[in-house]
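Visitor: Could you walk me through this protein? I'm new to this, so please take it slowly.

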Amino acid sequence: MKITYILPLAALSSAFVLPDEQVISQIAIESHRSADSAFEKLPSKAQVVKEFENTFDAVGKTVEKTVKCSKHAIDAAIDYAAETGNDVSKQVQQTGFDAGSWLDSNTNLGHHGSHDKPNQTVYELIASSKYTTKLAAAINEFPDLVTLLNGTLADYTVFAPVDSAFEKIPEHAPKPSKETLEKILLYHVSPEYYPAAKVLVTHTVPTALTVDTVGVGPQRLSTNIGLKGLTVNYYSRIIAINIFGTNGVIHGIDSLLVPPPNVADIISFLPAEFSTLELGLTKTGLFAPLNDTSNHYGGTVFAPSNFAFQKLPTKVTAFLFSSYGTEYLKALLRYHIVPNQTLYSDAYYAAESVDDADDKIPKGIFHIDLPTLLEEKSLAVDVARYGRLIEIKVNAFARVDIQDGIAADGVIQVVSDVLIPPKRIDRTVQHWQGEELSVDDLKERLEPLIEKVEL
């Protein structure tokens, strides 16, 4: 089988789960929306759920009917999408553009797909389909992976790229090492069961790829509803759903999933979002240690966008980026970095020393105080989770506008405002809530915290 390696920049553009500018504009949490906006004209929750049920039922009944006629389950699902022109992504986009705002995890969408009991494992389904011959050939290079996908240790979920996905790889790109290829394949497999109904109310999915740099849990991927419909990692469209095997479920996707780069690389390659942050990290000497994965196991970077820095008063920004303000800027940026604890919107990897911790964030309100690199200063983070609708606030003020920038060594949460450390007044802690900030006030907050301590 011929498979080529995706070049670093190409890998970044496809693997990083932060969307481009258009997608950002669609998924960012908006605090103010006009009454006559497109969002207000969306169907009700009941209508959205009903449309999803109809979509799943249509696919399931077609698969069931064709399987009874001895047609392969994967082939049936993909043929159905091709013949009708109504793949799942398009159905999601048309019936509820931002349906996650209405769905919650208590919604019972049922078990859809073929109603007959499956008689093949997920590996056998992939190996015998005319649409996944290249994926099957890649899997066959790894006997342990074949055994895994044939086994019954778990109900697996496979996001299976169809043959046309492999054709998107640049023709003259170098062939990957066997180790790299195995990591790519493992990144398409989850050891947990995610039928389509669960995918729709999930932001991140754990994979079978385990890496030391992300912390105590496995590498994750993200699922999204946006301009392209229902996607994985924002770019790979789900084109077939709920192809059930005896040991799990398969969803067909139209692009390969590539494990993400490091946090620092993501910041570097997205200057339109993070050029100011990168300048600050470089100027203060924090960028190099942030990129050194040997000194932390996972982590969360609450990354202010360029727009967030623009919200600061001009005099404050000028001071921070002057030679007189370098140490203050360093302390300020330390307050945005949480080492060794990785907080996704729906999962949490605690510090390495915590054993047997449940990585799932519960439904409802979840609060956690995350210690930062700024000594004795933590971020108060509140996660409000109701199915796919998830809102994250930091210090009860700054919103996470773009969630779950999944990286090889943690996660990026893009915040709407620069995070300013609190100050004590009459024995009470006063958090900054966006009020007017002067240079003197900023210095008062940061002066006691300035220490020349390496990352």
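Guide: We can go from the whole chain to one sheet and then to a single residue, keeping in mind that this is a predicted model.

Visitor: Okay, how many helices and strands does the protein have?
Guide: The protein has 18 helices and 18 strands, and of its 455 residues, 55% count as buried.

Visitor: And what about the surface, how much does the protein expose?
Guide: About 19,800 Å² is exposed, with carbon and sulfur atoms supplying 52% of that area.

Visitor: Switching to the sheet, in which order do the seven strands come?
Guide: The order in this open sheet is 9-8-16-15-14-13-12, and the pairing is mixed. At the edges are strand 9 (337-339) and strand 12 (364-371), each of which pairs on one side only.

Visitor: How do strand 13 and strand 14 pair?
Guide: Strand 13 (residues 378-386) and strand 14 (residues 389-394) pair in the antiparallel sense over six bridges, and Val-383 has Ile-392 in strand 14 as its bridge partner.

Visitor: Which strands does helix 13 touch?
Guide: Helix 13 (residues 271-283) packs on the sheet and touches strand 8 (299-304), strand 9, strand 15 (398-407) and strand 16 (410-415).

Visitor: New topic: where is Thr-132?
Guide: Thr-132 lies in the loop between helix 6 (122-128) and helix 7 (133-139).

Visitor: Is Thr-132 buried or exposed?
Guide: Thr-132 counts as buried, because its relative accessibility is 1% and the cut-off for buried is under 20%.

Visitor: And what does its side chain reach?
Guide: The side chain of Thr-132 reaches the backbone oxygen of Ile-126 at 2.7 Å. Leaving aside neighbours within four places in sequence, the residues in contact with Thr-132 include Ile-74, Pro-161 and Asp-163.

Terms used
Residues numbered from 1 in each chain as written. Predicted model: local features only at pLDDT ≥ 70, side-chain atom pairs only at ≥ 80, totals over all residues. Heavy atoms only, no water. Helix = DSSP H or I, 4+ residues; strand = E, 2+ residues; numbered from the N terminus. Buried < 20%, exposed > 50% of the residue type's maximum accessible area, 1.4 Å probe, protein only. Polar contact = N/O pair within 3.5 Å; in protein donor to acceptor, adjacent residues only side chain to side chain. Contact = heavy atoms within 4.5 Å. Areas by Shrake-Rupley, 256 points an atom, 1.4 Å probe, with all protein chains shown as cover. Pairing = 2+ DSSP bridges. Axes fitted to C-alpha atoms, helices over the stretch in contact; angles between N-to-C directions.
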